[in-house]
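Dear colleague,

I am handing over the structure we spoke about, and it is placed directly below so that you can look at it before reading on. After it I have set out what was found, with the salt bridges first and the overall picture later.

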Amino acid sequence: MAIKLQPAADSGKRGTAVHIGLALAKGTSGALLGSSAVLSDAFRSAADACGSYLSSGDGARRGRSALSRRWLGGAEHAPAYLFSILLMLIGLELAMLAVQDLLDPPDLYPRWPAAFVVPACLVIRLLLVRGAAPATEWLSSIAATAGAGAAWAGGESGIEWLLYMDPIASALIAAVLVSKGYGLIMQAGRPRIETRQADDGLASDLMELIQRVDGVVTVEAVQPVHNGGKLAADIVISVNPRISVMEGSEIAGRVRTLVQKRFLQIVEMRICVEPYNPGYPYKSNHDPNQEHMPTLLQ
C-alpha cells in the first residue's frame with residue numbers, strides 16, 4: 001500500500017490518456033458529422049494531452065525515492081518542441097480553412113449530433129480527470145457546441161447567416177490551439193528550478209510533530225526544501241499495514257492539516273504513506289478488531 005498525495009493538477013498518466021481518448025472521439029465525430037468546430041476542438045484536446053504529459057513528471061515512485069523527485073516535467077525537450085510546433089501549424093491551417101469557409105457560402109452544415117459531442121466529452125473529462133478545467137477548455141467547448149448547434153439550426157430553418165457560426169467557432173478554437181502550442185514551447189524550454197534542502201532543525205521539528213498524529217506508526221523521512229523561493233516538504237510516513245487505503249489517506253490528511261496549522265511557512269507538501277514493516281508480524285494498538293496472538297504470558 002502506497003498513497004501519494006500530490007498538488008491538485010490535470011496531470012498524470014490518467015489525464016493524458018483521457019485527453020487522448022477525447023481527442024480521438026471529437027476528431028472522429030467532427031469528420032463524420034461535418035463540423036469543423038468539433039474537429040478543431042479535437043486538436044485542442046490533443047494539445048491538452050501533451051500538456052498533461054509534460055506536467056506529469058517521471059511517474060509515481062515508491063518508498064523513499066519520493067524524496068528524490070523534483071516533480072518536474074519528464075518529457076524530452078526535442079519531442080515537446082516538435083509537437084508544439086506541429087500544433088501551432090495545425091492551428092494556423094484550421095484558421096485558414098475557417099476563413100475560407102467564411103468567404104465562400106457553405107454548401108453543407110453539421111448534423112444535429114455534432115452539438116452534443118463536445119458537451120458529452122467535457123462531462124467525461126470532469127468526471128475522470130482531477131482538477132478544474134482551464135478557461136481555454138471551457139471557451140473552446142462552448143464555442144464548438146454553440147457553433148455546431150447554430151449551424152445545424154440555420155441549415156434546418158434556412159437561416160443562411162447561422163451557417164457561418166461553425167467556421168467562426170473553428171477559427172476561435174484555432175486561435176486557442178496556436179496559443180496552446182506556444183505555451184507548450186515555453187513550458188518545455190523553461191529552466192528547471194533548483195531546490196536546496198532547508199535547515200535540519202525544521203526537519204526535526206516536523207518529525208516530532210508528525211509522530212504525534214494518531215495512526216502514524218513511524219516517520220520514515222522528512223525533507224523540507226526551498227523550491228523556487230517557496231518552502232515545501234517531502235514526507236514519508238508508515239502506518240498499520242492492515243488498514244485500508246482510505247484510512248491511510250485519512251491519516252495523511254491529518255498530517256497535512258496539522259503541519260499546515262503549525263508551520264504556516266510551508267506552502268506545499270508531498271506525503272507518501274507506506275505500510276509499516278518491521279520484519280515481524282505487526283500488531284497495532286489502534287486496531288481493536290485485530291486478532292491477538294497467544295503468548296507465553298497469556
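**Salt bridges and their surroundings**

Arginine 270 and aspartate 234 form a salt bridge, in which the closest N and O atoms are 2.6 Å apart. This pair links distant parts of the chain, since arginine 270 belongs to strand 5 (residues 266-275) and aspartate 234 to strand 4 (residues 230-239), with their positions 36 residues apart in sequence. Please keep in mind that this is a predicted model.

Are the two partners buried or exposed? Arginine 270 has a relative accessibility of 6% and therefore counts as buried, and aspartate 234, at 3%, counts as buried too.

Arginine 270 has a further partner, because glutamate 268 also forms a salt bridge with arginine 270, the closest N and O atoms being 2.7 Å apart. Glutamate 268 itself has a relative accessible area of 26%, so this residue is partly exposed.

The search of the whole structure finds five salt bridges, and another of them joins lysine 26 to aspartate 41, with 2.7 Å between the closest N and O atoms. Here again distant parts of the chain are linked, as lysine 26 sits in helix 1 (residues 13-33) and aspartate 41 in helix 2 (residues 36-54), 15 residues apart. Lysine 26 counts as buried because its relative accessibility is 2%, which is under the 20% limit, and aspartate 41 is likewise buried, with a relative accessible area of 0%. Through salt bridges that share partners, Lys26, Asp41 and Arg44 are joined into one network.

**Arginine 256**

You may also wish to look at arginine 256, which lies in helix 8 (residues 245-262). With a relative accessibility of 21%, arginine 256 counts as partly exposed, because the limit for buried is under 20%. A polar atom of the side chain of arginine 256 lies 3.4 Å from the backbone oxygen of methionine 269. How far is arginine 256 from glutamate 268, in sequence and in space? The two are 12 residues apart in sequence, and their C-alpha atoms are 9.5 Å apart in space.

**An aromatic pair**

The count of aromatic pairs comes to one. In this pair the ring centres of tryptophan 112 and phenylalanine 116 are 6.0 Å apart and the ring planes stand at 75 degrees, so the arrangement is edge-to-face, for which the planes must be over 60 degrees apart. Phenylalanine 116 has a relative accessibility of 54% and therefore counts as exposed.

**The protein as a whole**

Stepping back, the protein contains eight helices and five strands, and from the N terminus on these elements run β-α-α-α-α-α-α-β-α-β-β-α-β. Of its 298 residues, 42% count as buried. The accessible surface of the protein comes to about 16700 Å², and carbon and sulfur atoms account for 61% of that surface. Among the contacts with a separation of 6 or more, 73% are between residues that are 24 or more positions apart.

With kind regards

Notes:
Residues are numbered from 1 along each chain as its sequence is written. This is a predicted model: local features need pLDDT of at least 70, side-chain atom pairs count only at pLDDT 80 or more; totals for chains, interfaces and linings use all residues. Side-chain values use heavy atoms; hydrogens and water are left out. Helices (H or I, at least four residues) and strands (E, at least two) are DSSP runs, numbered from the N terminus. Buried means under 20% relative accessible area, exposed over 50%, partly exposed in between (1.4 Å probe, protein chains only). A polar contact is a pair of N or O atoms within 3.5 Å; within protein, one must be able to donate a hydrogen and the other to accept it, and residues adjacent in sequence count only if both atoms are side-chain atoms. Rings of Phe, Tyr and Trp (its six-membered ring) pair if their centres lie within 6.5 Å; planes under 30 degrees apart count as stacked, over 60 as edge-to-face and the rest as tilted. Contact means heavy atoms within 4.5 Å. Accessible areas come from the Shrake-Rupley method with a 1.4 Å probe; for residues, only the protein chains shown count as cover. A salt bridge is a side-chain nitrogen of Lys or Arg within 4 Å of a carboxyl oxygen of Asp or Glu.
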